[in-house]
Amino acid sequence: MKPIDPDKITKNKKRNQSIVFGLFTIMSYGVVAILFVILSFIIFKGFSAISWGFITQMPEDGMTKGGIYPAIIGTLSLVLGSMIFAFPVGVLAAIYMNEYVKDGIVKKIIKQMTNNLAGIPSIVFGLFGMALFVNNLKFGESILAGSLTLGLLALPVVIRTTEESLKSVDNTFRHASLALGASKLETIRRVTLPIAFPNIITGLILSVGRVSGETAPILFTVAAYFLPKLPTSIFDQVMALPYHLYVISTSGTNIEASRPIAYGTALVLIVIVLIVNLLANGLRKYFGNKVKMN
């Protein structure tokens, strides 16, 4: 039996480690490259359509001329409305699951249902929103119906990210608070949530990114084909950037002439999502620094 050569084993380990790290590096840069290619393509195709009038004017001639101002306002209204619903409901649901429900069959069922809800296609949410909010609750095709439908779509993401954020809080903080005489509710409100909140914002960022680009749910509940005016209440229909992009790319008699507008709309949508994400990241850093100072 040949003796084991420690140097050879060490060399093999280093070689294998280098190969694996090399593959990980290639895949990481590959993801960045794909994102860069997509963004470069949209910027190259859509930058020529961007102007102050394109952003601030009403659409004209069946959306082949003019601007996309109503679609921008409609998209922002839907994102804001969906987050007003999804964020507090999702956070409260995650607090209940993580802080109050004991490990067992009930908790497993709730988690499984949440995972299943996250896997449902968005068009199914659209059909459900149309049946419940538009028809049964008589909201009609409106900002309210669209926001609630998108809120349901974002709810699983908020719940899961909030739950993981709460789990990351060390139990010693909870035990110390309870030992000092604080109730469970006070511990959650004054200790657990402030520590976890910077990570909870991550769920908000992911949710905004998802709902801002959805077309199927708003197609059934709120989106208008051509509506060159701004909404005056939550029961009004609105134009939205994803649906606007879909319509001008697939409908009409002169699709090629509308192509620059489509790319310009896509670029504006990407910029809006980027700005919202940057604001949310800033909010996360603010609360993170506040926790460190305390």
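**Entry 1: the pocket**

I began with the largest pocket, which has a volume of about 210 Å³. A pocket here is an open set of points on a 1 Å grid over the protein atoms alone, where a 1.4 Å probe fits, with protein on both sides within 12 Å along at least five of seven lines; lining residues have an atom within 4 Å of a point. The volume is the space filled by probe spheres set on the points.

This is a predicted model, where local features need pLDDT of at least 70, side-chain atom pairs count only at pLDDT 80 or more, and totals for chains, interfaces and linings use all residues. Residues are numbered from 1 along each chain, and side-chain values use heavy atoms, without hydrogens and water.

Which residues are closest to the centre of the largest pocket? I found Asn-98, Glu-99, Asn-171, Arg-174 and Lys-184, out of 13 that line the pocket.

**Entry 2: α3 and α8**

Next I looked up two helices (DSSP runs of H or I, at least four residues, numbered from the N terminus). The axes of α3 and α8, lines fitted to C-alpha atoms over the stretch in contact, come within 9 Å and cross at roughly 135°, on a scale from 0 to 180 degrees between N-to-C directions. That makes α3 oblique to α8; oblique covers angles that are not under 35 degrees, over 145 or 65 to 115. Among the residues in contact (heavy atoms within 4.5 Å) are Phe-87 and Glu-99 in α3, and Lys-184 and Phe-197 in α8.

**Entry 3: α4 and α6**

My last pair was α4 (residues 105–119) and α6, whose axes come within 8 Å and cross at roughly 135°. These helices are therefore oblique to each other. The residues that meet include Lys-107 and Leu-117 in α4, and Leu-152 and Glu-163 in α6.
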